[in-house]
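Please walk me through this model in the viewer, one selection at a time. Tell me what to select next and what is there.

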Amino acid sequence: MDTSALFDAAFWQSAWDGANADDNERAQGKKAVDAWNRRAKKYDKNVGSDSGSRRVEEALAFLDSYGVLQEKMRILDLGCGPGNFSLAFAERGHEVVALDPAENMLALLQEKLADRPELQKLVKPVQADWIALSLDDFGWSGHFDLIFASMTPGVRDVATLQKVMQASRWLVYMSRFAGSRTQPSVEAVWQEFNDRPYYSQSLDVLFPQNWLYASGYRPALHFARWERQHSQLPEDALDEILSVLSHKMDVDPRVEEVARSYVEARLGRDGTFSEIKGATSAMLLWDIEKKVLTRLGG
């Protein structure tokens, strides 16, 4: 068996492109932004939960373990959402550009900043789509000490990953899924209409990690697991299930009926729908000059 292709960055670029094609993501561009705008408040509630707070703490601990945040930094929080990471960085005195294409996400961040006047000079919200954005237009080439890209669909292939590195003068952090997520309701409805699992392979760490390695980078790697019991009203649960499914399939009345039946059959005595959600994430951290990072005390 010839394994030489595994050490060729072009192999992993092609594989990542193939995963994107296989995933057949329906919601891209304006449709994707519209979907995130609709989900903004619910998403903010989810990431503000105990499990969401632990995810912030674990990411910061990973960065701390390499001494990344010891000196004041200029950080781009790419795909910042409602800004939980941006605020955490600002609380430590770092300057943050909080970038997101969804205006409702940034509106939530602005509301939080209104209650934190001491952080307002440190966090600059910017509404823009990373995929279409020109670094020259923003003056961002080599501008940031750290690019922080947590679970963002904006870094979707080699081209958008290379743009990330062009914007950094030192470090890049990127987190992705490591294996499939636990989403019982979404998976169950999906399987009624499809013969393969509901999983976006292109969002897995496998592709950027191996492309980076084959390109000569040596990213530090850390895995984290999170799970939470998620309870919500049936209409909210139905809306979330259909919104997630819309990224990969057409949601017509048949799909809506299957999803509604699934939710209604599993309502608790209090009338809410509850399920355990979870995922394993992988955190990558690397030096754009391909230097090997050393852990503190290591």
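## Helix 10 and its surroundings

The model is predicted. Start with helix 10, whose buried residues pack against helix 2 (30–47), helix 8 (184–191), strand 6 (220–232), helix 11 (253–264) and strand 7 (273–287). Select residues 234–245 to show helix 10 itself: twelve residues, reaching 16 Å from the first C-alpha to the last, close to the 16 Å expected at 1.5 Å a residue. Now colour the buried positions of this helix, which are Ala237, Leu238, Glu240, Ile241, Leu242, Ser243, Val244 and Leu245.

## Salt bridges

Next come the charged side chains. Side chains of opposite charge can pair when their charged atoms come close. The whole structure holds 14 salt bridges, and three of the stops below show individual pairs.

Select Asp23 and Lys248. Their side chains form a salt bridge, 3.8 Å from N to O. This pair links distant parts of the chain, with Asp23 in helix 1 (residues 9–23) and Lys248 in the loop between helix 10 and helix 11, 225 residues apart. Are these two residues buried or exposed? Asp23 has a relative accessible area of 2% and Lys248 one of 3%. Buried means under 20%, so Asp23 and Lys248 are both buried.

Move to Arg116 and Glu118. The closest N and O atoms of this salt bridge are 2.7 Å apart. Arg116 is partly exposed at 26% relative accessibility, and Glu118 is partly exposed at 49%. Add Glu91 to the selection: Glu91, Arg116 and Glu118 are linked in a network of salt bridges.

Then select Arg225 and Glu227, whose side chains meet in a salt bridge at 3.0 Å, N to O. Glu227 has a relative accessible area of 45%, which makes it partly exposed. Arg225 is partly exposed too, with a relative accessible area of 42%.

## Aromatic rings

Hide the charged residues and show Phe, Tyr and Trp. The count comes to eleven aromatic pairs. One of them joins Phe62 and Tyr66, which lie edge-to-face with 5.7 Å between ring centres and 80 degrees between the planes. Phe62 and Tyr66 are both buried.

Another pair to select is Trp140 with Phe144. How are the planes of these rings arranged? The centres are 5.4 Å apart and the planes stand at 70 degrees, so this pair is edge-to-face. Trp140 counts as buried at 6% relative accessibility, and Phe144 is buried with a relative accessible area of 0%.

Return to Phe62 and Tyr66 and widen the selection to include Phe85, Phe89, Phe148 and Tyr173. Together, Phe62, Tyr66, Phe85, Phe89, Phe148 and Tyr173 form one aromatic cluster.

## Charges over rings

The last stops combine a charged side chain with an aromatic ring. Select Arg181 and Phe177: the charged end of Arg181 sits over the ring of Phe177, 4.2 Å from the ring centre. Finish with Lys290 and Tyr217. Which ring does the charged end of Lys290 sit over, and at what distance from its centre? The ring is that of Tyr217, and the charged end of Lys290 is 5.0 Å from its centre.

Methods. Residues numbered from 1 in each chain as written. Heavy atoms only, no water. Helix = DSSP H or I, 4+ residues; strand = E, 2+ residues; numbered from the N terminus. Expected span 1.5 Å × (residues − 1). Buried < 20%, exposed > 50% of the residue type's maximum accessible area, 1.4 Å probe, protein only. Contact = heavy atoms within 4.5 Å. Salt bridge = Lys/Arg side-chain N within 4 Å of Asp/Glu carboxyl O. Phe/Tyr/Trp six-rings, centres within 6.5 Å; stacked < 30°, edge-to-face > 60°. Lys NZ or Arg CZ within 6 Å of the ring centre and 35° of its normal.
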